[in-house]
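Work through these exercises with the model on screen. Try each task before you read its solution.

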Amino acid sequence: MNISLRGFIKVSSAMTSGAMLSRFGWDSWPAKTSEEELRIKYAQESTTICPYCAVGCGQIVSVKEGKVINIEGDPDHPINQGSQCSKGSALYQLANNDRRITKVMYRAPYSDQWEEKSWDWALDEIAKRIKMARDATFTAKNAKGEVLNRTDGLASLGSAAMDNEECWLYQKFLRSLGLVYIEHQARVCHSSTVAALGESFGRGAMTNHWIDIRNSDCILIMGSNPAETFPISFKWVTKAIERGATLISVDPRFTRTSSKAHIYAPLRSGTDIAFLGGMIKYILDNNLYHKDYVVEYTNASFLINEKFGFEDGLFSGYDKPKRKYDKATWQYQVDEKGFPKRDKTLQDPQCVFQLLKKHFSRYDLDKVSAITGTPKQKLLKVYKAYSATGQPGKAGTVMYAMGWTQHTVGTQNIRAMSIVQLLLGNIGIAGGGVNAMRGESNVQGSTDHALLFHILPGYLKNPRASDVTLKAYNEKYTPKASDPKSANWWGNYAKYSVSLLKALYDDHAQPANEFGYQYLPKLDDGEDCSWISLFEAMYAGKFKGFFAWGQNPACSGPNAEMTREALGKLDWMVNVNLWETETGAFWKRPGVNPEKIKTEVFLLPCAASMEKEGSITNSGRWMQWRYKAVDSPGQAKPDGEIIHELYLRVKKLYETKGGAFPEPITKLKWDYAKNGKVDIHAVAKEINGYDLKTGKLLLSFAKLMDDGSTSSGNWIYCASYTEDGNMAARRDTKDTSGIGLYSKWAWCWPLNRRIIYNRASVDKTGQPLDKEHPVIRWDATSNEGKGAWVGDIPDGGWPPMVNEAETRYPFIMRSEGFARIFGPDLADGPFPEHYEPLECPVKNMMSSVLFNPTSKRWDLVGSDMDKFAQVGDPRYPFVGTTYRLSEHWQTGAMTRQMPWLVEMQPNMFVEMSKELAKELGIKNGEWCVVESARGKVRAVAMVTSRYKPFNIGGNIIHEVGLPWCFGFMGLATGDSANTLVPNIGDGNTMIQESKAFLVDVRKEV
Ligand code: SF4
């Protein structure tokens, strides 16, 4: 009898108390049945994916008489196996919640109330305003006469909450209007991840996937607390521990993750590079690196320019007035053929390996301990345990999140760990990798679809003004590789860019008009339109209109009060959401007079996850399909429908009335209507791409062409929807790999490859380094004796390295074919270096350079609201940091509307040590004021032993933590921790520094 796990449960009548455990927390066993089977007996069921974090848990939605009556974990889903965390378990309250917005609402300028409106009225009015703002601010050329074709009067933020298909439609719509200020959640959460992983390995995403964590021998959790913030991921940590793995937790606070760890090490926020730098030194000093891997798969043997140097905190080439590096001396030495020069003995003083050794020789235990506050014996314990994974057959992995990314050195924090993993041979193997944990259900997909200013879908570059022709654009961004053994996959750039243009403009994209290239809005050279720049520009009154689509920047960005002030400088704002959030309601926030705020607000109600169909992509790059279970309440509509109806109205206005450069709008391919609605499958197919000669869906991006004969909205999603059907909807629960790949469950980019860089998991003959957990293996006997890879989809199908004539190096997305220990393309250095956070309690003990010399500073050109504390500022003596809670998600915009969750976490609090509380005369539960140079928040004191004072070079430093999930709307209200956070950015991606800033704490009087 062929029966699924759920089928088995439904025919079984066994009841167990284990059900409650699995419904209200993670556990390591598949969910059991319960008496609820009776309640759902005659209900219609459909599957969906949880809309909160990017673990991507499966759920079953039961509907009776058009109403959701139950949502529970999907027992067949390989990641969660029926389990859900508190948020997933409370999802029923999202489907049945009378606090949802169900009508279109409008707030007139200077009004103190909402008015109900019809969709037609609102969309007509918004379309008119878009056209007016666009026509008034459209810039055809810059002062140099280069084409820009953009509008500066409109900006957009959103959204990682939309489905992939909606993200594609949304960015298509925005770019047709000429917007360049396009940003979303990814900037403020994992932008530094993309820069660091891209530089190190070639792609900016989580290397492995959730289930694979079970294959690890040692798990380092640093810069995150998954037991609370990614609860179901911890199921796989537990599985690894059951297999004998060691768990290490490094965190300023003793978290629930720490409570399960074999080793806990405290560190002061913002000192991760010092901690990891010490680990790099330990690995090198004790010869614990994986020599063959390091020589064959990394650039450790490459020789660097003789003039490269590092002195007192600065690499060679620093231009102080510009706060930038000239990277000329950071380049590889090349031979007469243009090949990088190498020394495979790793002895040449100019080789990367020796430069690495020299750079990190300064990170000795005494120095690292003094900077981080981590006791020396703890450092040694962690270094020893983790370095043990450098042996073939052993695997170490890292799980991290905002604790690493949200710093002025965010990119280099992740680079430091990438170097550790490369030295230990932990990339490409099962149980290894650098696992960036994404916090929103589709933040991976929305990033892939380029809801960001600097990229186009599939990580193509957004064109700049100096990229005057398509030819020049393609040439500039197509890397050159001299070594024929380098696959140099980005050498195919033009095939992807031209196929994208065909998906955008269809028959209007022809060779004669550069495939519509000039329809795309261009950035000026060097221009930065990232999140903080966007709000700085808004605060300066630059924009007329703004879309806050499925986002809540009034709480989620740094310097939250400045963001709220900035929203008041707009003429109008469109806010699309399930709820009335702090962003939509900014004009009636406590302490302001609505009569003084002019901004018109259109609040549009959208559908929740179970009320529409489409795909989302989880942290492990799994693209999973969700089905519609019920209609949305009241007038709420799917985001895709709203975008569709708005686009058609704007198009009609330009067709009938003309206006500034209408072609990008009127010639846009937009043929998704089916029975008056968007056919989401047609959108998914457009993203996949077609052979335009045959009209067939493409099977692989290897088939894309640069001559206009193919289309693909996003080349990395090519193969997701083929003539064989919708791959994201697959539900085959069999795992034939033995290592938990589940290759026929859903689909995974690229090309359904579950572990990327997997050709580095084998030796030169193609045999697995870890025989027990093989990811791929070369079978010389198959394919009629020509040989073939078996296992996961290989990262490039070329034969193993012993086949000198036909092989290609395994890191195919890097032009040299090798993973980068030395990263020459980053803004702040080819190696990580410790700098203090912008706001820090002590001087930098490594050099005289206090904080990242390339960090992005808006205070130098910015608003009167960009204020900072000085080093050791007596007004703000404590280190502040922010974190998430299990029960609330991001700003709490959704979860603070659910009674079950609110009951568990009702209040804004500040967590502090017993020692600090005693010093300040504060008792547990008393109201406090926490103040930074930007503002202050009220919070209840939570006095715990989870924080301990740090001894930093002989100084006692206290750290306090605040959850960032509160705001003034919803069932549970409280001040927003982001009020305290400064507008300061990492030099590579401009991500803000939320995880280390200075505050004062005092008892409220
Ligand atoms: S919030 Fe994350 S861990 Fe919790 S059920 Fe949803 S996807 Fe799973």
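## Exercise 1: A covered helix

In helix H25, Ala-560, Met-562, Thr-563, Arg-564, Ala-566 and Leu-567 are buried. The model is a predicted one.

**Task.** Find how many residues of H25 are buried, and which elements they pack against.

**Solution.**
- Step 1. Locate helix H25 at residues 560-567.
- Step 2. Count the covered positions: 6 of its 8 residues are buried, and H25 is mostly covered.
- Step 3. Look at what surrounds them. The buried residues pack against two helices, H23 (531-539) and H24 (553-556). They also pack against strand E20 (545-549) and strand E21 (572-577).

## Exercise 2: The whole chain

**Task.** Decide how the radius of gyration of the chain compares with what the globule rule gives.

**Solution.**
- Step 1. Take stock of the secondary structure: the chain has 30 helices and 44 strands.
- Step 2. Compare two values. The radius of gyration is 27 Å, and the globule rule gives 30 Å for 1005 residues. The two are close, so the chain is as compact as a globular protein of that length.
- Step 3. Check the box. Along the principal axes, the C-alpha atoms fill roughly 75 × 75 × 75 Å.
- Step 4. Check the burial: 68% of the 1005 residues count as buried.
- Step 5. Check the contacts. Take those between residues at least 6 apart in sequence; 73% of them join residues at least 24 apart.
- Step 6. Turn to the surface. The accessible surface is about 33200 Å², and carbon and sulfur atoms account for 52% of it.
- Step 7. Finish with the charges. There are 122 positive and 114 negative charges, and their mean positions are 1 Å apart.

## Exercise 3: Strand E36 and its partners

**Task.** Work out which strands pair with E36, and in which sense, parallel or antiparallel.

**Solution.**
- Step 1. Recall a rule: side chains in a regular strand alternate between the two faces of the sheet.
- Step 2. Sort the residues of E36 (878-883) by face. One side holds Phe-878, Gly-880 and Thr-882. The other holds Val-879, Thr-881 and Tyr-883. Both faces are covered, and 6 of the 6 residues are buried.
- Step 3. Go to strand E44 (residues 997-1003). E36 pairs with E44 in the antiparallel sense over 3 bridges. Val-879 has Leu-998 as its bridge partner there.
- Step 4. Go to strand E42 (residues 959-963). E36 and E42 run parallel, joined by 5 bridges. Gly-880 is partnered by Val-960, and Thr-881 by Gly-961.
- Step 5. Test the cover of E42. Glu-959, Gly-961 and Pro-963 are buried on one side, Val-960 and Leu-962 on the other. That is 5 of its 5 residues.

## Exercise 4: A sheet with edges

**Task.** In the sheet E28-E27-E29, find which strands stand at the edges.

**Solution.**
- Step 1. Read the order. This open sheet has 3 strands, E28-E27-E29, with antiparallel pairing.
- Step 2. Look for single partners. Strand E28 (696-697) and strand E29 (710-711) each have a single partner strand, so they stand at the edges, and one side of each has no neighbour in the sheet.
- Step 3. Inspect one pairing. Strand E27 (residues 690-691) is joined to E29 by 2 bridges. Tyr-690 stands opposite Ser-711 in E29.

## Exercise 5: Backbone exceptions

**Task.** Find where Gln-81 lies, and decide whether Gln-81 is buried or exposed.

**Solution.**
- Step 1. Start from the usual case: most residues other than glycine have a negative phi, and most peptide bonds are trans.
- Step 2. Check Gln-81. Its phi is positive, about 45°, although Gln-81 is not a glycine. Gln-81 sits in the loop between strand E3 (67-73) and helix H4 (86-89).
- Step 3. Apply the cut-off. Buried means under 20% relative accessible area. Gln-81 has 16%, so Gln-81 is buried.
- Step 4. Repeat for Asn-149, which also has a positive phi of about 45°. Asn-149 lies in strand E7. With a relative accessible area of 10%, Asn-149 is buried.
- Step 5. Move to the peptide bonds. The bond from Gly-158 to Ser-159 is cis, with omega near -10°. The bond from Trp-749 to Pro-750 is cis, with omega near -5°.
- Step 6. Place both. Ser-159 is in the loop between strand E7 (147-157) and helix H7 (164-177). Pro-750 is in the loop between strand E32 (747-748) and strand E33 (776-779).

Methods:
Residues numbered from 1 in each chain as written. Predicted model: local features only at pLDDT ≥ 70, side-chain atom pairs only at ≥ 80, totals over all residues. Heavy atoms only, no water. Helix = DSSP H or I, 4+ residues; strand = E, 2+ residues; numbered from the N terminus. Rg over C-alpha atoms; globule rule 2.2 N^0.38 Å. Buried < 20%, exposed > 50% of the residue type's maximum accessible area, 1.4 Å probe, protein only. Contact = heavy atoms within 4.5 Å. Areas by Shrake-Rupley, 256 points an atom, 1.4 Å probe, with all protein chains shown as cover. Lys, Arg positive; Asp, Glu negative; His and termini not counted. Charge placed at Lys NZ, Arg CZ, Asp CG, Glu CD. Pairing = 2+ DSSP bridges.
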